[in-house]
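I opened a fresh page for this one and wanted to see what the coordinates would tell me. My notes follow in the order I looked things up.

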Amino acid sequence: MTTENEKYVYDFSEGKKELKNLLGGKGANLAEMTNIGLNIPQGFTITTSACLKYYENQDQVMETLKPAVLDAIKRLEDKYNKKFGDIKDPLLVSVRSGAPMSMPGMMDTVLNLGLNDESVKGLAEQTGNERFAYDSYRRFLQMFSDVVMGIELDHFEEILNAYKAKKGENAKDTDLEISDLKNIIREYKALYEKEIGSPFPQSPQEQLFNSIDAVFKSWNNKRAITYRKMNKIPNFGTAVNVQVMVFGNKGWSSGTGVAFTRDPSTGEKRRFGEYLANAQGEDVVAGIRTPKTMTEMKEEFPKVYDELMSLMEKLENHYKDMQDIEFTIEDGELFILQTRNGKRTPTSAVKIAVDMVKEGLITKEQAIMSIDAKSISDLLFKSIDDKADFEVIAKGINASPGAVTGIAIFDSDRTEELKNKENMDVILVRPQTKPDDVHGLYASVGVLTQFGGKTSHAAVVARGIGKPAVVGAQDVKIDIKNKQFTVGNTIVKEGDYITIDGTTGRIIKGKVPLVDPELTGEFIELLDIADEIKKLGVRANADTPTDATKALEFGAQGIGLCRTEHMFMAQERLPVVQQMIMAKTTEERQVALDKILPMQKGDFYDIFKIMKGKPVTIRLLDPPLHEFLPEFTELLLETQKLKMTNAATDEELKEKEELIHIIRTLHEENPMMGLRGCRLGITWPEINEMQVRAIFQAACEIKKEGINVKPEVMIPLVGMLSELKIVKDQLVKIAKETIDHYNVDLDYKFGTMIEIPRAALVADKIATEAEFFSFGTNDLTQMTFGFSRDDAEGKFLPIYFERGVMTDNPFEILDQEGVGQLMKMAIQKGRDTRKDLKCGICGEHGGEPSSIDFAHRIGLNYVSCSPYRIPIARIAAAQANIKNK
Ligand code: PEP
Ligand code: MG
C-alpha cells in the first residue's frame, strides 16, 4: 500500500542515472543529462513505484500524486516564467512513458499538452506565429485522442489527408495553411466528441492527469504483458516523464531529429543521424517527409551542427557507450530531449565494443559484457536479406540457425544422389528424419520437417553439422507419395525452389537473396579478449574431420564429445553395421566388426591429426541398436508387397524375414531407458572392444608420426560403479595391449558420462574408476524430470508453458534447481574422491549462455557444444567469469 511520505515525483535535477529502476531509463537519463549541464528542457518524473502502487489502489495513488504533480508544475512555471493553462503564454508539456528497460507496446508520447481553444490563440499571439500555434494544437488533439483516449488514429489521418489532397497531389503537412489547420481542428474535435461522448477536455490539469493515468494503464496492456513475458522482463512498472515543450515546428529555423554517435548498423565511428526542419515529434521516424542527413545539417544549421557534434562526443564519453539521441532545434537553439544506449546490429555491437577498448573508453570486461552472446550466432550464419521481396508461406520451429535456398527433395537417397552427381543444393523435406536419413542430412543444405521439436532427430543432427533446420512446421502438409507438400493452396513439388530460415523458422517458396555472415577482424579480436578473461574451457561436440576443422577454426580447445554412432550411420557403412547387429554368433559378429574397425580407425586418425594433441573425448556406442535398422512397419509392408508380387527370390525374402525377426527381438517399450550405453557394452563386449582398438591404434600411429594425441574414452550411461568397472577393466586391457604393440608413450584417460541421476548420487564411488566426468545434460534432464524429450516437446511442454507450469524448456535452458543441483553434488562428491577430477558438460546446454554461467559457478572445467556455437560459448564463458567475480 501507499506509504504516505513516499516520494513519487522527482524533478530532473533530483535524479541520476543510478536511479534507473525508480525513474525508468528515460527519466534517469534526463536527470543525468541535467546534472552534466546539457541544455535539457526541464521537467519531472513520476516513479515506477507509483505505477506499481497504482495497481494496488488506483484512486489513492492518483489522489496522493495530484498535489505533488501540481507542485512540480508550479516549479516549472516559476522556472520558465509561464503558466500552465495561461491564455496568453501557456506552459506546454510532453508526457512520455519510460520503463527501466526498453519496452515496445508502452504508451506513445503526447506533445503540446496544455493547449486549448483559448490558449492556442495566446500562443499564436505570443510567438507571432499563428501557423505554429494551430499546427501544435492539431497535433495535440490527434495524439491525446489516439494515445490517451484510444480513438483510431486512422480516422484522424483521413481528415488530415483529405485536406492535404486539396493542396495538390504530393502535398505535405507543411503545405497546409492556417485556415486548413483551423478546419482540421474543428473536425478533430467533432470526431472526439462523437467517439467519446463528451467535448475535448479544455482543462490542462484534466489533460495531464488523464495522460498520466493512461501511461500507468499502458504498463498492463496486452501487448506490454506479452512482451514482458516473452523477454522475461520483471514487473518493474513504468515511470512517467513530464517535460516542458520545445518546438521543432516553429518554422524553418526549427526542427527535430535523431542522431547516433556511431553507425548502428555497421558500428563505424561516424556520427550518423537524420532530421527534419519545421517538424515535431515522431515526424522523422514516421516518414511524413524524407529526412535530411547530417551533411545537409552542416549546411542548413552550421552552428547547431557543431554543437550537436560536440554534445555527441560528450554524451558518448559520459555513458561510455554508443548513444541514440533525440534533439529539437527551436529558433536555432539546440535542445536534447533524450539519450539512451543505442540499439545495434550484432555486427556493429562487436565493432563498437572492440573499437571502444582500443580508444581507451571502456575496459575489456565492459566490452565483453556489452555483447548479447546469443545474438552473436547471427554473425556465423547466412540470413535472409530482409530488404528483398518475399512471402512467408509457413512458419515452423527454428531448430538450427541460418538461412538457405535449395530445391525441395522428399527422400534422403535422392538428396545424396543429386548432391553427388549434380552438386545440387537440396533441402531435404521429410515428415521427420530418422537415423537412416543421416546421409540425406549430410548431403542437403538444410532440412525441413513437418513434425518434431527442437530435439527431434533432424534438429539435433542439423545443429551438430551446422545446417539450417526448420522442424515441426505443422502447416506444411507433406505428401511423400506424390513428392510434394502443400500449405493451404500453395503447392511445392519435388525440384521447386524453397528457402528456409532456421534462425526464425520462416519457410518461403522460391529463392530469396541471402546475406553472408561477416567474420570480421573485430569479431576475432573480441573472441581473443574473451579467451583472456574466461576460466571455463570450451570444447566442441564433433564427430567428423569437417566438424573438427570447423571447431578449431572457431577456437575449440578440444573435442568434448565425439558421438561414434554418427560414424556408423554413413550410408555405405550401414549394411556392415546391420550385419554386426544381426549376427547369430560371436564369430559372425566378429567378421562384421573386423570390417568396421578400419573405418572407425580412419575416422579417429583424421580427427586426432586435426586436433594436434588437444584432448579428444570419444564416446563408445550409445544408442539402442534398432536405430540402425530399417523402420519396422515399412519393412513389413515392403516384404508383404514382395511376397504378393513375386518380385523377390526366396533368398531375398528369407533375409527380409530374418531382419523382421531381429527388429522384433530388439523392440523395446522404452528404448531410451533400454539396452543402450554401457548396457550394450556389457551385453555385447566385442563392439566396445573394436572401438577401443580403433581408437588406440589410430592414436598410436599418430604418436609414431611425432604428433601429440590425447584420447579420452567415455563410457556412457553408467548408473552403478560395477557397470563402469566391468566395462573399463575389459577395455583398459585392450588399450594397454595396443600401446604395447606400438611401443609408444601415450597419455590417455577413461571416464564416464554422468547422465543418470543415480550416477550423480553415487559420484564418489564412480570417481574411483572414472578419470573424468562429462555431464550429458540431455539425458540427465530426461531422466531427472522423467520426460521423454521427443514426446514432451511435441505434446505437453507447449501446454505447460501456456498454463504457466514452467517458463523455460529444460532441454534448452538448464534446470538449475533440479538437474543443476544433481550436477553440483556429483562434482563435489567426485572431487572428494579424486581431487583433480576434470568435469565438463556436453549436452546441448553447453552452448547456451545461462547454462554456461551456471557451469562456471558450479566449478566445471569446460563446456562442449556444436562447433558453430563455440564463439557464443567463448563469450558467455568470459561473461560468466566477469559476472561471478
Ligand atoms: C546427453 O545426453 O546430454 C548427451 C550428450 O548424449 P546424447 O545427446 O547423445 O544422448
Ligand atoms: Mg545421452
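**Metal site, then the barrel**

I started with D779, which has a relative accessible area of 9% and is therefore buried, the cut-off being under 20%. I kept in mind throughout that this is a predicted model.

Next I asked which residues supply the protein donors of the magnesium ion (ligand 2). They are E755, through OE, and D779, through OD, and they lie 2.0 to 2.4 Å from the ion. I then checked where the two sit in the chain: E755 is in the loop between β30 and α28 (757-761), while D779 belongs to helix α30 (residues 777-785). That puts them 24 residues apart, so I noted the pair as linking distant parts of the chain.

Is E755 buried or exposed? I found 1% relative accessibility, so E755 counts as buried.

I moved on to the sheet. Following the strands, I got a closed barrel of 8, in the order β26-β27-β28-β29-β30-β31-β32-β33, with parallel pairing. Neighbouring strands are turned by 25° against each other on average, direction ignored.

I wanted to see the closure for myself. Strand β26 (residues 537-541) runs parallel to β33 (residues 862-865), and 4 bridges join them. For G537, the bridge partner in β33 is Y862.

Last, I looked at two helices on the sheet. Helix α22 (residues 586-611) lies across β27 (559-563), β28 (615-619) and β29 (710-715), at about 155° to β28. Helix α26 (residues 685-704) touches β28, β29 and β30 (749-754), and its direction makes about 170° with that of β29.

Conventions. Residues are numbered from 1 along each chain as its sequence is written. Chains are lettered from A and ligands numbered from 1 in the order in which they are written. This is a predicted model: local features need pLDDT of at least 70, side-chain atom pairs count only at pLDDT 80 or more; totals for chains, interfaces and linings use all residues. Side-chain values use heavy atoms; hydrogens and water are left out. Two strands pair if DSSP finds at least two bridges between them. Axes are lines fitted to C-alpha atoms, for helices over the stretch in contact, and angles run from 0 to 180 degrees between N-to-C directions. Contact means heavy atoms within 4.5 Å. Donors are N, O and S atoms within 2.8 Å of the metal (3.2 Å for Na, K and Ca); water is not among the atoms, so sites may look incomplete. Buried means under 20% relative accessible area, exposed over 50%, partly exposed in between (1.4 Å probe, protein chains only).
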